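Visitor: Could you walk me through this protein with some care, since I am new to reading structures?

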Amino acid sequence: MLSLKKVPTAECHRLCHRVVDEICRGEPPSLVDYSDTWSLVEWLDLKDCLTSLLLKMVGDGSSDEQVLAGLSDVGPGYGEAVLSVLEARREELRKALLQRTHLMSSANLQDFDWQLKLALSSDKISSLQTPLLNLSLYVREEGALRSVAIEMGREELNTLISSLEAANKVVLQLK
């Protein structure tokens with residue numbers, strides 16, 4: 001990110017808009033326009049860093065102060081340039097982020113069923129007394145409904161619940 005200092009802040013502003021164009025519309029900025037400033041490796045690193053930074057700040061719902069604090073080591077003026085682009089195109093970036101998330105999987109949870117069981121013993125242990133959850137998920141993918149069965153112990157269930165709560169928190173932030 002420190003290589004942003006190689007261009008004036010006005011050019012940084014234009015570059016950030018072009019990176020947003022790539023994220024939202026697939027129209028990447030051209031290295032030809034910046035080949036005098038950065039090598040190919042520096043260019044790719046800078047573009048990846050800016051893309052990740054913009055998507056993270058939109059996804060996290062970062063405040064203006066958090067954005068500026070995250071860019072404090074870049075230099076004066078550059079944080080403000082990135083922030084102005086982020087403010088102007090936040091909604092467009094949010095929609096692109098939602099689109100990317102949706103493209104990861106077209107599967108939708110249609111229904112679920114669960115059963116709680118108590119394993120009293122096993123072939124190796126005579127007194128087990130372990131609660132088990134049988135979870136059946138009914139998932140619709142490409143028009144077909146399929147069932148996914150999962151058996152979990154207490155620790156796995158706690159991990160699943162934590163993951164689902166974290167996912168719900170991210171979804172609520174994106175709304």
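**Exposure and charged pairs**

Guide: Let us begin with Asp60, which is partly exposed, with a relative accessible area of 42% (buried is under 20%, exposed is over 50%, and partly exposed lies in between, using a 1.4 Å probe and protein chains only). Please keep in mind that this is a predicted model, in which local features need pLDDT of at least 70, side-chain atom pairs count only at pLDDT 80 or more, and totals for chains, interfaces and linings use all residues. Residues are numbered from 1 along each chain as its sequence is written, and side-chain values use heavy atoms, with hydrogens and water left out.

Visitor: OK, and which residue does Asp60 form a salt bridge with?

Guide: Asp60 pairs with Lys56, and the closest N and O atoms of the two are 2.5 Å apart (a salt bridge is a side-chain nitrogen of Lys or Arg within 4 Å of a carboxyl oxygen of Asp or Glu). Lys56, at 53% relative accessibility, counts as exposed.

Visitor: Where do those two sit along the helix?

Guide: Lys56 and Asp60 both belong to helix H2, and because they are 4 residues apart there, about one helical turn separates them (helices are DSSP runs of H or I with at least four residues, strands are runs of E with at least two, and both are numbered from the N terminus).

Visitor: Why would charged side chains pair up at all?

Guide: In general, side chains of opposite charge can pair when their charged atoms come close.

Visitor: And how many salt bridges does the structure hold?

Guide: The structure holds 11 salt bridges, and another of them joins Asp33 to Arg18, whose closest N and O atoms are 2.8 Å apart. Arg18 lies in helix H1 (9–25), whereas Asp33 lies in the loop between helix H1 and helix H2 (40–60), so this pair ties together parts that are 15 residues apart in sequence.

Visitor: Is Asp33 buried, partly exposed or exposed?

Guide: Asp33 counts as partly exposed, because its relative accessibility is 43%.

Visitor: Which residues are linked in a network of salt bridges?

Guide: Such a network links Asp21, Arg25, Glu27, Arg89 and Glu92.

Visitor: Now the strands: what does Glu141 meet in a salt bridge?

Guide: The side chain of Glu141 meets that of Arg146, with 3.4 Å from N to O. Glu141 counts as partly exposed at 29% relative accessibility, and Arg146 also counts as partly exposed, at 43%.

Visitor: What about Glu142, where is that one found?

Guide: Glu142 is found in the loop between S2 and S3, and with a relative accessible area of 74% this residue is exposed. The phi angle of Glu142 is near 55 degrees, which is a positive value in a residue other than glycine.

Visitor: Hm, what sign does phi have in most residues?

Guide: Most residues other than glycine have a negative phi, which is the background against which the positive value of Glu142 can be read.

Visitor: One last thing, is Trp114 buried or exposed?

Guide: Trp114 is exposed, because its relative accessible area is 52%, and you can look for Trp114 in strand S1.
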